[in-house]
Amino acid sequence: MSRRRDRIGPGLLGLVSPIVVLCIWELASRLGWTNPVLLPSPSQVIAALFALMASGAIVSPLAHTVGLFAVGYGLAVLIGTGIGIAMATSRTLYGLLEPLVEIVRPIPKPALVPVLFLFLGIGKATMITLVVLAAVFPVLISTFQGVRGLDPVLLETARTLQVSRARTIVSVILPASLPMVLAGMRVALGIGLVLVILAEMLAGEDGIGFRILDLERSFQIRDMFAWIVVLVAVGGVLTKLFDIAERRLVPWRGRS
């Protein structure tokens, strides 16, 4: 009971600052301190959001964005975890791949958009590739550090028991390094969502990012803010789902 109350307390406390900001924003709009054409009040944005939901027009762009994110993020996690484990357990692969990783990793991924347009064209392949390139490195680096930081006794024990390499990775290395892998996945989650929206703005014909930019260009500002609220909700839901999955996979994390 006490633990539950400890979790609820900070959650409620975290709502205070957004509510205060929204109240100040609403008050400023009603007092005429802001331009209602450029910055509608929260109540006007909420009304536009309800109208959007009631019309059903929210479904297709939302599904487009979530689908792109799921494919790109899923590929980034698989590739990042696989290469991270491979580099951490093989000196040969580390020597081959480390220079390439260090060359590509610091490049701001939006700078690769023109290159992707040249080779993949304007479409979903470019958008998914952009998300993968942005989200793969946090997972790769965290996995590499997690595997390199394992207790050598674990690996020596597996070697003494003549456990195969594949089974050692699945039964020893991956579970023991899972907290670090999840830490990288958490960082990649936010980066992946940002790049999905950016990709839709640059190369999309549907999706939340495309809608936000399209509504801004057609000067439908209330609807534009309504889609931004949808985007905030998507980010919040994804983070909450990740928290739930993380608590189930590593339940000891965060316990005092």
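1. Partly exposed describes a residue whose relative accessible area falls between the under 20% that counts as buried and the over 50% that counts as exposed. The model considered here is a predicted one, and in it arginine 105, with a relative accessible area of 35%, is therefore partly exposed. Glutamate 102, at 33%, is likewise placed in the partly exposed class. These two residues form a salt bridge in which the closest N and O atoms are 2.9 Å apart.

2. The count of salt bridges in the model comes to 6. As a general matter, side chains of opposite charge can pair when their charged atoms come close. In one of these bridges, aspartate 243 is paired with arginine 186, and the closest N and O atoms are 2.6 Å apart. Because aspartate 243 belongs to helix H11 while arginine 186 belongs to helix H9 (residues 178–203), this pair ties together parts that lie 57 residues apart in sequence. Arginine 186 itself is partly exposed, its relative accessible area being 32%.

3. Another salt bridge joins the side chains of arginine 211 and aspartate 206, with an N to O distance of 3.7 Å. The partners fall into separate accessibility classes: arginine 211 is partly exposed at 30%, whereas aspartate 206, at 16%, is buried. Elsewhere, salt bridges that share partners join Arg186, Asp243 and Glu246 into one network.

4. The packing of helix H2 (residues 42–55) on helix H11 (residues 221–249) also deserves a look, since their axes come within 8 Å and cross at roughly 75 degrees. An angle from 65 to 115 degrees counts as roughly perpendicular, and H2 and H11 are therefore described as roughly perpendicular to each other. On the H2 side, the contact is made by Gln44, Val45, Ala48, Leu49 and Leu52, and on the H11 side by Arg222, Asp223, Phe225, Ala226, Trp227, Val229 and Val230. Sorted by class, the residues of this contact comprise 9 nonpolar, 1 polar and 2 charged.

5. Which residues does serine 142 contact, leaving aside its neighbours within four places in sequence? They are Met180, Ala183 and Gly184, while serine 142 itself is placed in helix H6 (residues 124–148). The side chain of serine 142 reaches the backbone nitrogen of glycine 184 at 3.5 Å. With a relative accessibility of 12%, serine 142 counts as buried, because the cut-off for that class is under 20%.

Terms used: Residues numbered from 1 in each chain as written. Predicted model: local features only at pLDDT ≥ 70, side-chain atom pairs only at ≥ 80, totals over all residues. Heavy atoms only, no water. Helix = DSSP H or I, 4+ residues; strand = E, 2+ residues; numbered from the N terminus. Buried < 20%, exposed > 50% of the residue type's maximum accessible area, 1.4 Å probe, protein only. Polar contact = N/O pair within 3.5 Å; in protein donor to acceptor, adjacent residues only side chain to side chain. Contact = heavy atoms within 4.5 Å. Axes fitted to C-alpha atoms, helices over the stretch in contact; angles between N-to-C directions. Parallel < 35°, antiparallel > 145°, perpendicular 65-115°, else oblique. Nonpolar A, V, L, I, M, F, W, Y, C, P; charged D, E, K, R; others polar. Salt bridge = Lys/Arg side-chain N within 4 Å of Asp/Glu carboxyl O.
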